Amino acid sequence: DSAPADTEEVLRWGSGAALIQSVRLLRADGTETFQIESGEAVSFEIKAVAPEPLQDFVFGIGISTPRGIEAWGTNTDLGGLKSSRFVGSGRVVLSCPDLRLAPGEYVVDAAVHSKEGVPYDYRRKMFAFRVTSDAGGVGIHSPVHEWITYGEIEWGGRA
């Protein structure tokens, strides 16, 4: 089981025009988790606050290995959402119906920034989580796959 990343390693910077209060990894039933099965339906929940009204804002999530290799990242601007107004408390959820990361440990970064990338609040290594899978493999992506063979190749069944 993984737990929140060591707080001494959390890096945070930004103007404070918006502040990330929490980020959680949630199962389909809404419960928080630090371990998932590859291909599981999950979501990332960002709770944030804007002390003063903002018209220009983008929320983002990044997933990396503990050694800093980027596995996947996206943000609301890339998702086609155009900012209009954010003031007070808000919650943004990135829904992933089929998160196919390969087995291993991952860390989560979260950010809220301007469309041009000016950071309001950027938080690295907010928490760590583990991905498990019966399929095995190496790397960071675990696509659906199947082996097909032709010719004079015989197998002793499936493991």
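## Exercises on a predicted β-strand protein

The mean positions of the 15 positive and 22 negative charges of the protein lie 6 Å apart. The model is predicted.

**Exercise 1.** Describe the secondary structure of the protein.

*Solution.* Start with the count: there are zero helices and nine strands. Next, take the order. From the N terminus, the elements read β-β-β-β-β-β-β-β-β.

**Exercise 2.** Find the box filled by the C-alpha atoms, then describe the exposed surface.

*Solution.* Along the principal axes, the box is roughly 70 × 35 × 30 Å. Now turn to the surface. The protein exposes about 9,800 Å². Carbon and sulfur atoms supply 52% of that area. As for burial, 34% of the 159 residues count as buried.

**Exercise 3.** Work out what share of the contacts between residues at least 6 apart in sequence joins residues at least 24 apart.

*Solution.* Take the contacts in the protein between residues at least 6 apart. Of these, 74% join residues at least 24 apart.

**Exercise 4.** Locate Arg 123 and decide whether it has a salt bridge.

*Solution.* Step one: Arg 123 sits in strand E9, residues 119-132. Step two: Arg 123 is buried. Step three: find the nearest side chain of opposite charge. That is Asp 121, 5.0 Å away. A salt bridge needs the two charged groups within 4 Å, so Arg 123 has none.

**Exercise 5.** List what Arg 123 does reach and touch.

*Solution.* First, the side chain of Arg 123 reaches the backbone oxygen of Ile 20 at 3.0 Å. Then leave out residues up to four places away in sequence. Arg 123 touches Leu 11, Arg 12, Ile 20, Gln 21, Asp 109 and Ala 110.

Methods: Residues numbered from 1 in each chain as written. Predicted model: local features only at pLDDT ≥ 70, side-chain atom pairs only at ≥ 80, totals over all residues. Heavy atoms only, no water. Helix = DSSP H or I, 4+ residues; strand = E, 2+ residues; numbered from the N terminus. Buried < 20%, exposed > 50% of the residue type's maximum accessible area, 1.4 Å probe, protein only. Lys, Arg positive; Asp, Glu negative; His and termini not counted. Polar contact = N/O pair within 3.5 Å; in protein donor to acceptor, adjacent residues only side chain to side chain. Contact = heavy atoms within 4.5 Å. Areas by Shrake-Rupley, 256 points an atom, 1.4 Å probe, with all protein chains shown as cover. Charge placed at Lys NZ, Arg CZ, Asp CG, Glu CD.
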